[in-house]
Every structure is written in structure tokens, then in C-alpha cells.
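Let's take a friendly walk through a small report on this chain. Please have your viewer ready.

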Amino acid sequence: MTSARQTTLRHEQSEFSAARAAEKAACEKQNAMAALTVASHALDVEDCAYLLRMLGLDASSEDEE
């Protein structure tokens, strides 16, 4: 029974890890889209940087993709 239980736990951990990775990727994509939206509506560079900081977004994150 022990090996069956360990196999089940590993499978569940693997599924959980995959779900967390998918959620992280989706969050990064959403943040990049939000940063682009902010940049397109900002008055200038300083305004854009201020708005991104206010929203907790990183301006350099879209360069990494």
C-alpha cells in the first residue's frame, strides 16, 4: 500500500506543479498586457512609470518575453 500511496501523491504533486506553472504564466501574460495598456494611455514616461508602480507592475517584465 505504501508504494501506491507514494505514486498517487507524486501524481497529485505533479498536477499541482503544472497548475501552478500555468497560473504563473497566465498571470505574467496578464501583467504584460496591463503594462502595455497603461503605457498606451500614459501622458509621458514619468506618468507611465508612476502608474505602473501604483499598480504594482514591473515595466521591465514585458522585455523578458
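What follows covers the overall make-up, the core, and the second helix.

This is a predicted model, in which local features need pLDDT of at least 70, side-chain atom pairs count only at pLDDT 80 or more, and totals for chains, interfaces and linings use all residues. Residues are numbered from 1 along each chain as its sequence is written, and side-chain values use heavy atoms, without hydrogens and water.

The chain has two helices and zero strands, taken as DSSP runs (H or I, at least four residues; E, at least two). Of its 65 residues, 11% are buried, that is, under 20% relative accessible area, where exposed means over 50%. About 5,600 Å² is exposed by the chain, with carbon and sulfur atoms supplying 57% of that area (Shrake-Rupley, 1.4 Å probe).

Six residues build the largest nonpolar core: Ala35, Val38, Ala42, Cys48, Leu52 and Leu57. Core members are buried nonpolar residues joined through side-chain atoms within 4.5 Å. Helix 1 (2–41) and helix 2 each give this core at least two residues. Beyond its neighbours within four places in sequence, Val38 touches Cys48, Leu51, Leu52 and Leu55 (contact: heavy atoms within 4.5 Å).

Here are some values around helix 2.

| Residue | Feature | Value |
|---|---|---|
| Asp44 | N-terminal cap of helix 2, side-chain oxygen to backbone nitrogen of Glu46 | 3.3 Å |
| Met54 | relative accessible area, exposed | 52% |
| Gly56 | positive phi, following helix 2 | near 75 degrees |

Met54 sits in helix 2 (residues 45–55).

How values were computed: Buried means under 20% relative accessible area, exposed over 50%, partly exposed in between (1.4 Å probe, protein chains only). A polar contact is a pair of N or O atoms within 3.5 Å; within protein, one must be able to donate a hydrogen and the other to accept it, and residues adjacent in sequence count only if both atoms are side-chain atoms.
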